[in-house]
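Welcome to a short set of exercises on reading a protein model. Have the sequence and the 3D view open, and try each task before you look at its solution.

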Amino acid sequence: MELSQLLDRMESASPEEKALIESAYLLAKEAHEGQKRNSGEDFIIHPLKVAYNLAELSMDIPTILAGILHDIIEDTDVSYDQLAEIFGEEVADLVEGVTKLTKIQYKTKEERKAENLRKMVIAMSKDIRVIIIKLNDRLHNMRTLEYMSEAKKKEKATETLEIYAPIANRLGMFRIKSELEDLALKHLDPEGYYDLREKITMNKATREAYIEKIVLQLRKKLEEAEVEYAIKGRPKHFYSIYKKMVYQHKSFEEIFDLLAIRVIVKTVKDCYGVLGIVHTLWKPLPGRFKDYIAMPKPNFYQSIHTTVIGPGGEIFEIQIRTEEMHYTAEYGIAAHWKYKEGLQGKNELGEKLTWVRQMLELQEDSDDSKEFMDSLKLDLFRNEVFVFTPNGDVINLPAGSTPIDFAYRVHTAVGDKCTGAIVDGRIVPLDYKLKNGNIIKILTSSNSNGPSRDWLKVAASSHAKNKIRQYFKRIGRDQNIIIGKDKIEREVKREGYRMTTLLKDEWMDRILKKQKFSKIDELYLAVGAGSGSITAIQVVRQLVQFHEEINQKSHPETNIQEASFEAPASRPRKQNPQGIRVKGVDNIKVRFSKCCNPVPGDEIVGYITRGRGVSVHRMDCPNLQDLSKDTRFIDVEWDHEEKASYAAQIQVVASDKAGLLSQITQVISEVDLFVSSLNAKTNKEGVATINMTIEIKDVKQLDKLMKRIKSLSEVIDVYRMTT
């Protein structure tokens, strides 16, 4: 590979642009001087080949420059700043983007795959050209894979099948996707690959003679109709045949679409004209017609596919498309740069990459590597089904999708309140498998209890599964806070420490600041939900470290003597200023537990704490179960003569609609209660979360209020909070 070959390939480049390419080549050649590939070739051959592949795709000059320089930051002393100074920030950003995709080391193979995909999703959202460069980098590496060890061959081939080929497919880059898959198959199953190649070669002459016979008949009719056309054979790549044989248990002779031709015409009108001619010549096979012109695939693919029964009963496929559709089918997103004068710039490109934004949301919401990998595999590998809204809008979903997937694609709130579906005018169950062309209407109810966990087994799309999981995370917030606190306290006990020794406020505050949590509940929530950001073990280890740093010796807990709480029989009992009576004791400090926040009407229990008097909990508070055996419980009761008010905190989760806050405050006013604080926020899915502190007299008032708020049509749920 010589620089002259690259420059010759760039026929439309100006002299100035070619001079830039030459400068990049000279810099890369000097920087990579002395470096060799496994084949023994000078390293510069690799970036030059990558740049040549990019030129074949008609990519822009900055991308081709970045192709030449893509390894220079990672493998040489040339810095980002130097590249930016010579070639501009755009080129330097592209090179840095490619470099970042390969820089981090991972603990496990699963984590490595997940993080590779995660980084690629982020890179695609910033500049799709980074991935186009990376795909061509991988393509050349796969072409020269034979120079690596057997273990490395299998590792790279597996990674190519699991990550790079699916991404090429989603970007519509069929030519690259096909070659990557064939090269991977060659190294993963050499015996199967060469056996298949031999079978295809043996039947090649017979197939070509048959196709020629078909083409002659078709040419005659097309010329009679005065259609301007080109007819090409459609090569079936090995991996596609291999998959059908292995996964569909078909013999080589049962693969129908080995015989295929492609008709390329000038206009969309001609596409449908040719379709009519084809169906007058040969009988179409029922259920094997697909119109991807009217309903393009998410990866921009457009074409008409029809399978017909030809002479002698042979079955073959014909694809019909325009020249631009053909180029897009081969090169996918890269066709944007060849036909960019016909596009509306970045806006139209952005519309074509909607699925990238969906994947970006997925990686932002997912903390678990396995869950993220599984979700992406659903998005990358699955075929699509095209369905319609009642207004006629087309929505594409993974094959096997149900009305639940459709509902969540329309809107998160629609999915959460879904109670049923009407497909093509008839009511269907929620596990009904959608088919191409279905018209779907979702039935919702304001009184819906939300999604069922069983929906996770019914939904096919990662988008719907993710939204369902988010719902249960949101609804289970309080429970996860309690679970998180419980996990930390259990871990403290497991390590052999007392609660008072490690769970010091100043130490917990240090952990909150380090983890960027604003309050303790956020820490408990992260631990309880198992998000992976922090675990109980990590929290307690940090506390132990703080303990060891100051070399504090553990002291046995000093119990408050019983006598100090006994009142003389002659003294009259006084009411506690907080509305709590402690049997046999007066003038004692009483505090309400923050973990369960009791209010009058709740069944309560108290226990004696060191230096803080009596701690009052709800009887059903789970934290009571983990108190030590030495804990001194004491009878407490509500003082109903005390007309005190209590602060109760509730959270309202609702679909954000105009007037929502007004409706809620109106309900509060109607039940004659006072709001002392209110905080509301809305997420990107249109779900509002409203936290309120209400002044109440007893739990009956709170229950009444919560029921009234929950009856509002937009409200999803209402529940008591902990602080």
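**Exercise 1. Is K516 buried or exposed, and where is K516 found?**

Step 1. K516 has a relative accessibility of 74%, so K516 counts as exposed. The cut-offs are under 20% relative accessible area for buried and over 50% for exposed, with partly exposed in between (1.4 Å probe, protein chains only).

Step 2. K516 is found in the loop between α26 (505-515) and α27 (520-529). Helices (H or I, at least four residues) and strands (E, at least two) are DSSP runs, numbered from the N terminus.

Step 3. Look at the backbone as well: phi of K516 is near 65 degrees, a positive value in a residue other than glycine.

A word on the model before you go on: it is predicted, local features need pLDDT of at least 70, side-chain atom pairs count only at pLDDT 80 or more, and totals for chains, interfaces and linings use all residues. Residues are numbered from 1 along each chain as its sequence is written, and side-chain values use heavy atoms, with hydrogens and water left out.

**Exercise 2. Describe the backbone and the exposure of S58.**

Step 1. Find S58 in the loop between α3 (45-56) and α4.

Step 2. S58 is not a glycine, yet its phi is positive, at about 60 degrees.

Step 3. The relative accessibility of S58 is 27%, so S58 counts as partly exposed.

**Exercise 3. How many helices and strands are in the chain, and what percentage of its residues is buried?**

Step 1. The chain holds 30 helices and 20 strands.

Step 2. Of the 723 residues in the chain, 50% are buried.

Step 3. Turn to the surface: the chain exposes about 36600 Å², and carbon and sulfur atoms supply 48% of that area. Such areas come from the Shrake-Rupley method with a 1.4 Å probe; for residues, only the protein chains shown count as cover.

Step 4. Now consider contacts (heavy atoms within 4.5 Å). Among contacts in the chain with a separation of 6 or more, 66% are accounted for by residues 24 or more positions apart.

**Exercise 4. Follow I68 from its own surroundings to the packing of its helix.**

Step 1. I68 is found in helix α4 (residues 61-69). With 1% relative accessibility, I68 counts as buried.

Step 2. Leaving aside neighbours within four places in sequence, I68 is in contact with L6, I21, A24, Y25, A28, P47 and A51. I68 and K49 are 19 residues apart along the chain, and their C-alpha atoms are separated by 8.3 Å.

Step 3. Helix α2 (residues 15-31) packs with α4 at an angle of about 15 degrees, and their axes are 9 Å apart. Axes are lines fitted to C-alpha atoms, for helices over the stretch in contact, and angles run from 0 to 180 degrees between N-to-C directions.

Step 4. The two helices α2 and α4 are therefore roughly parallel to each other. Angles under 35 degrees count as roughly parallel, over 145 as roughly antiparallel, 65 to 115 as roughly perpendicular and the rest as oblique.

Step 5. On the α2 side, the contact is made by E17, L20, I21, A24, Y25, L27 and A28; on the α4 side, by I61, I64, L65, I68 and L69.

**Exercise 5. Which helices do the buried residues of α11 pack against?**

Step 1. Helix α11 (residues 174-188) has 15 residues and reaches 21 Å from its first C-alpha to its last, close to the 21 Å expected at 1.5 Å a residue. The expected span is 1.5 Å times one less than the number of residues.

Step 2. Mark the buried residues of α11, among them I176, L180, L183 and A184.

Step 3. The buried residues of α11 pack against α9 (128-143), α10 (150-170), α12 (190-224) and α13 (238-247).

Step 4. Take α10 as one partner: the axes of α10 and α11 come within 9 Å and cross at roughly 160 degrees. The helices α10 and α11 are therefore roughly antiparallel to each other. Residues making this contact include A157, L161 and Y164 of α10 and I176, L180 and A184 of α11.

**Exercise 6. Is T689 buried or exposed, and what is T689 in contact with?**

Step 1. T689 is found in strand β19 (residues 687-696).

Step 2. The relative accessible area of T689 is 17%, so T689 is buried.

Step 3. Leaving aside neighbours within four places in sequence, T689 is in contact with Q651, V652, N679, A680 and K681.
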